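Visitor: I have a model open here and would like to talk it through with you. Could you put it up so that we are looking at the same thing?

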Amino acid sequence: MSSVLHAGAQVLADPMIGFDLGALARNFWALTIDGLTYGSIYALVAVGYTLVYGVLRLINFAHSEIFMLGMFGVYGTLLLLGFTPSGNAYNEGIPMTILYLGIALIGGMIVAGGSAVGLERVAYRPLRKRGAPSLVFLITAIGASFVIQEFVHFVLPKLTNGKLGGVNAQQPIRLVEPVDVFSIFGATVTNIEIAIIVSALVLAFITDRFINATKFGRGIRAVAQDPVTATLMGVSRERVIMLTFLIGGVLAGAAALFYTLRVPSGIIYSGGFILGIKAFSAAVLGGIGNLRGALLGGLLLGVMELYGQAVFGTEWRDVVAFVLLVLVLMFRPTGILGESLGRARA
Amino acid sequence: MSSDVSTSTTAADSLHLGLGDRLRMWWDALPRHTQWLVGSPIIIFIALLPVLRLPVITTVGTDFGSVLAQFGMYALLAIGLNVVVGQTGLLDLGYVGFYAIGAYTVGLLTSPDSPWNLTDDWLSTDWAWMAVVPIAIAVTALSGLLLGSPTLRLRGDYLAIVTLGFGEIVRLLADNLTELTGGGRGLSQIAYPVAGVSEERPNGVFSAGNTTPPLNSGAFWFWLSMVLIIIVLVIVGNLERSRVGRSWVAIREDEDAAEIMGVPTFKFKLWAFVIGASIGGLSGALYAGQVQFVVPSTFNVINSMLFLCAVVLGGQGNKLGVIAGAFIIVYLPNFFLGRTQLFGIPINGDEIASYKYLFFGIALMVLMIFRPQGLFPARQKLLTYGRQVYVASRRAYLAAAALAAKTPVPATATPSGDDTKGGTR
């Protein structure tokens, strides 16, 4: 028996996971800023999960693929604008760059929002009409993920003469070069990071106002609280559901643009999956069904993930996110802010 | 599908029993030993498939024996996952994690690349494949226990996402913990059962080097997995008919009601998880032995979805159905591989085969809309009193139906699987 312990001790003698708190302390502010950049992307995607969950009690597993389609929408728009993949960034001057990015943003939003609504129509609506159990919805969502991924993998390159889609990631088109703008506590902030964080916050604010202060938003909240009563009060449930998917899709399209700015080489058919799971974790972290929770959860997850990466090493980044998800679900399944849009979890 | 379950037992439609129902009736009416007697020729025929090499059925692009061997592993996985998803209703999207743990246990104990073998101890001695399989099963069962005990308090969608995370964590750990698992390089030269050593097969029939068809390693692994499948089916079937199986069904149909009626739901959910996990581990051990090489990227989460596909396609809760589902999943892509024409029609088989996820995705979506119970749906029998009561009740039911058929029946009767799993929520 002693030999067993001996062998175990020998195997375990080398540290398997580096544990470097110093790296975290040294780069704290740089990590925070990068974390907020990723976090705002997660937050925007998380809104899609959280709104659909709030209204339908459904985890829209295929939302990650909507985000992925958004990335291709952004890329396709840039191609249509005449940009070609090249090693150098196009530095077109600030006004033109903002214009082009705005057009790409709209392109991504149209593609992602349209496909989200289409997904709802084709996949979920027939199931709702049949009153299917939630497991059936989830399996359908998995099927839809397959279909969308493989569509981009195989069919899209045929439709676009190999310009879009396929096995490999798209050659990056860089509109903007990351330039350090100012530094905060010794950490430099680039123009891209500022653009992403500020625009994400603006979009988040608009979404929050839309849900909380407009007639449409009131309809969404009403259906989330009590679908039957809301219908009796004259709210069209089907229209609310469509609107919910549309908002989620549009925000995923925006997130797709920001993501391609931060990670230009990330446009690939399988690129949505992991990010989708992280965005879902963010939604759960903040309290699924709760709009502000999704935003807060996204930012928190982005920052925590990068802290974890600094402490344990780059290869552990995804593990940090997954472990965080498991821990949150185990100890506080209602999330930080609680599930405010709807009833308690079944 | 739920609304018409109780109302559909109108007389007329039962007289037009489908072929499946007739077969099932006939089969269920047979005594157990006759069932074995009738079943054996079918089993023997399936076992002979890699040797017979029937035209059309035999794959062109890849070796048929290997395809069947892969089918054997997937069938085991489907049976294991069926216990968790089909019987107990716990959606496990990280099942590939258990498959990986089973394969890696075998790999770590027997591969010369394994970091565990570098120590000059009992770990370094050459383990036989057969000796490692029970260890692999035990380790996966333990991992199922470890994963299940904290997470099984979650329900439905949440459980699905947590298990998905688990599957991905297992792969990332195998990839990142290089000092413990060999990392991304993988482990090669894993042990396999050495049997039937002859001059033309110096490493035995199970070695990956045995490539001379028809009796190549694939055929032997297929036979081995068939034996294991039958053993597992008997075990799982007996469990299903026991108190454990009844509790599983109760939990699946309504967990709260089951809990109130005195079923210790957490305990039985954990049981289902552990049993499912150990079957997955067994399959992983088979995989490691057959391929003699494991690498983390094989155990991608998309495989979990594929296993789930097999279970859902075949029919959740139906043991034989999920085996058929596994066959579809494994066989269909390979069927098209390398084919340039089918029944005289020119096709590009390789391209069709590469579209497999697209087709499976569409199949899942269409199936969920029109036939959520799967291609071969499970029939919920009166579990407590067993087959006899079921058969007797069916007979009485048919007699009543025959009587009623002489009187006019309302035209609105909807045909439906009368006792399939209904959407209860």
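What follows is a conversation about confidence, the contact between chains, and a few residues.

Guide: Before anything else, please keep in mind that this is a predicted model.

Visitor: Fair enough. What does the pLDDT of chain A average?

Guide: Chain A averages a pLDDT of 83, and 92% of the residues score at least 70. Over residues 1–14 of chain A, however, the pLDDT is below 50, and this stretch has 12 contacts in the model beyond near neighbours in sequence. Residues 342–346 of chain A also stay under 50, and for them the model has 9 contacts beyond four places in sequence.

Visitor: On to the contact between the chains. How many residues does each chain put in?

Guide: Chain B contributes 46 residues and chain A contributes 42 residues. On the side of chain B that touches chain A, several helices supply at least two residues each, among them α6 (129–151), α7 (156–176) and α16 (356–370) of chain B.

Visitor: And which one gives the most there?

Guide: That is α7(B), with 12 residues. By residue type, the side of chain B that touches chain A divides into 30 nonpolar, 10 polar and 6 charged.

Visitor: Different topic: where does α3(B) bend?

Guide: The bend in α3(B), of about 30°, is at G39(B), and a proline, P41(B), follows within four residues. The end C-alpha atoms of this helix, which covers residues 32–52 of chain B, are 29 Å apart, in agreement with the 30 Å that its 21 residues should span at 1.5 Å a residue.

Visitor: How many of its residues are buried?

Guide: The count is 1 among the 21 residues of α3(B), so this helix is hardly covered. Just after α3(B) comes R53(B), whose phi is positive, near 50°.

Visitor: What about I279(B), buried or exposed?

Guide: I279(B), which sits in helix α12 (residues 265–291) of chain B, counts as buried because it has 32 C-beta neighbours inside 10 Å. Leaving aside residues up to four places away in sequence, I279(B) touches L76(B), I79(B), G80(B) and V232(B). With L76(B) the separation is 203 residues in sequence but 6.7 Å in space, C-alpha to C-alpha.

Visitor: Last one: what is the phi of Q292(B)?

Guide: Phi of Q292(B) is near 60°, a positive value in a residue other than glycine, and most residues other than glycine have a negative phi. Q292(B) lies in the loop between α12 and β2 (293–294) of chain B and counts as buried, with 23 C-beta neighbours inside 10 Å.

Note on methods: Residues numbered from 1 in each chain as written. Chains lettered and ligands numbered in written order. Predicted model: local features only at pLDDT ≥ 70, side-chain atom pairs only at ≥ 80, totals over all residues. Contact = placed C-beta atoms within 7 Å. Nonpolar A, V, L, I, M, F, W, Y, C, P; charged D, E, K, R; others polar. Expected span 1.5 Å × (residues − 1). Bend = angle between axes of the 7 residues up to and from the residue. Buried ≥ 20, exposed ≤ 12 C-beta atoms within 10 Å, placed from the backbone. pLDDT = per-residue confidence, 0-100.
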